[in-house]
Amino acid sequence: MSTAAASEVIALSGIAAAIIDLDGTMLDTAPDFQVAVNRMRDEMDLAPLEQKTIVDFVGKGSENLIRRVLAVDFPAQQVEQHFDAALNSYQRHYEVVNGTHASLYPGVVEGLQAMRDKGLRLACVTNKPLVFALALLEKAGLRDYFELVYGGDSFPRKKPDPMPLLAVCADFELEPAQVVAIGDSSNDAQAARAAGCRVFNVPYGYNHGESIQDVDSDGIVASLLVAAHHIST
Ligand SMILES: O=C(O)COP(=O)(O)O
Ligand SMILES: [Mg+2]
């Protein structure tokens, strides 16, 4: 399997669809995560956390985020004792905060439009719960670009498992090799590789506090617009 060197982006041909990640790829949602997590922590009499700390826990869904956020203060057994109440509180706050402090990254709208103009079919696959993902896409004015949206709770397994990506391929009646996934984290790249899809990473999002340069992909693209320039049908 080919792997791009850090500076190299492989031009992809024979592509019919793109699967775009949400948090850290289309929208900088770190401030939303910070506000909702810290409102939950305040309810539990825990001190607020810095955005940098919280952002490194984002990408593997809400349950993982809340376990990691509780593990800052509690040993493993107590994390589980507090988990249900903490998740409940976090979700209540996130529903209110969702999209309020988030901002679109440069080139997102232009990139989605360029992909559509090339005749690509578009799906959004995120580890965010589906109801939050749909509300956020709507608020950001992006919902209509996507034929399909799947969240972290849409299937029994989420990224880095290939299950959601394979579901998109099946829904679109496409071979995985005809589909490119684009995302900010190793989750997106691992899911794509496991599914047999092509994959680009963007360098500006959240990658669990690790370097995106070390992730196996077909290249790192500066924006979704640059990604569109490297994709052809
Ligand atoms: O909610 C998360 O864990 C992040 O989700 P995403 O990067 O897959 O959009
Ligand atoms: Mg992401």
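# A tour from the ligand outwards

Begin by selecting ligand 1, around which stand Asp21, Leu22, Asp23, Gly24, Val58, Gly59, Lys60, Gly61, Thr126, Asn127, Lys128 and Lys159. Keep in mind throughout that the model is a predicted one. If you colour this shell by residue class, you will find two nonpolar, five polar and five charged residues.

**The two domains**

Now colour the chain by domain, with domain 1 covering 17–28 + 104–229 and domain 2 covering 30–97. Where does ligand 1 lie with respect to domain 1 and domain 2? Both domains give residues to its shell, so ligand 1 lies between them. The centres of the two domains, taken over C-alpha atoms, are separated by 24 Å, and the contact between them brings together twelve residues of domain 1 and nine residues of domain 2. On the side of domain 1 that touches domain 2, the residues divide into three nonpolar, six polar and three charged.

**Strand E1 and its partners**

Select next strand E1, residues 17–20, where Ala17 and Ile19 point one way while Ala18 and Ile20 point the other way, all of them buried. In a regular strand the side chains alternate between the two faces of the sheet. Add strand E4, residues 121–125, which runs parallel to E1 and is joined to it by four bridges; here you can pick out Ile20 of E1 and its bridge partner in E4, Cys124. Then add strand E6, residues 179–183, which is also parallel to E1 and also joined to it by four bridges, and in which Val180 is the bridge partner of Ala18.

**The annotated aspartates**

Which residues does the UniProt annotation "binding site" cover? According to that unreviewed entry, they are Asp21, Asp23 and Asp184. Although these residues are spread over 164 residues of sequence, they cluster in space, the largest C-alpha distance being 8.1 Å.

Centre the view first on Asp21, which the unreviewed UniProt entry also annotates as "active site". Asp21 is found in the loop between E1 and E2, and it counts as buried because 25 C-beta neighbours lie inside 10 Å, where 20 or more are required. Beyond the residues up to four places away in sequence, Asp21 touches Val125, Thr126, Ile182, Gly183, Asp184 and Asp188.

Move on to Asp23, in the loop between E1 and strand E2 (27–28). Asp23 is buried, with 26 other C-beta atoms within 10 Å. If residues up to four places away in sequence are not counted, Asp23 touches Thr29, Val58, Thr126, Lys128 and Tyr206; of these contacts, Val58, Thr126 and Lys128 will be familiar from the shell around ligand 1.

The remaining stop in this group is Asp184, in the loop between E6 and helix H8 (186–195). Is Asp184 buried or exposed? With 25 C-beta neighbours inside 10 Å, Asp184 counts as buried. Leaving aside neighbours within four places in sequence, the residues in contact with Asp184 are Asp21, Gly24, Thr25, Asn201, Val202, Gly205, Tyr206 and Asn207.

**Backbone features to inspect**

Return to Lys159, one of the residues surrounding ligand 1, and follow the backbone from there to Pro160, since a cis peptide bond with an omega of about 20° joins Lys159 and Pro160. Pro160 lies in the loop between strand E5 (148–150) and helix H7 (163–172).

Two further residues deserve a look at their backbone angles. Most residues other than glycine have a negative phi, and most peptide bonds are trans. Glu173, in the loop between H7 and E6, has a positive phi near 55°, and this residue is exposed, with 8 other C-beta atoms within 10 Å. His208, for its part, has a positive phi of about 60° although it is not a glycine. You will find His208 in the loop between strand E7 (198–201) and helix H9 (224–229), where it counts as partly exposed with 14 C-beta neighbours inside 10 Å.

**A last stop at Pro48**

Finish by selecting Pro48, in the loop between helix H1 (30–43) and helix H2 (51–55). With 14 C-beta neighbours inside 10 Å, Pro48 counts as partly exposed, and it touches Asn38 and Arg41 when residues up to four places away in sequence are not counted. A distance drawn from Pro48 to Pro162, C-alpha to C-alpha, spans 35 Å in space, the two residues being 114 residues apart in sequence.

Notes. Residues numbered from 1 in each chain as written. Chains lettered and ligands numbered in written order. Predicted model: local features only at pLDDT ≥ 70, side-chain atom pairs only at ≥ 80, totals over all residues. Near = placed C-beta within 6 Å. Nonpolar A, V, L, I, M, F, W, Y, C, P; charged D, E, K, R; others polar. Domains from an automatic or database assignment. Buried ≥ 20, exposed ≤ 12 C-beta atoms within 10 Å, placed from the backbone. Helix = DSSP H or I, 4+ residues; strand = E, 2+ residues; numbered from the N terminus. Pairing = 2+ DSSP bridges. UniProt positions renumbered as here; feature names shortened; annotations may be inferred. Contact = placed C-beta atoms within 7 Å.
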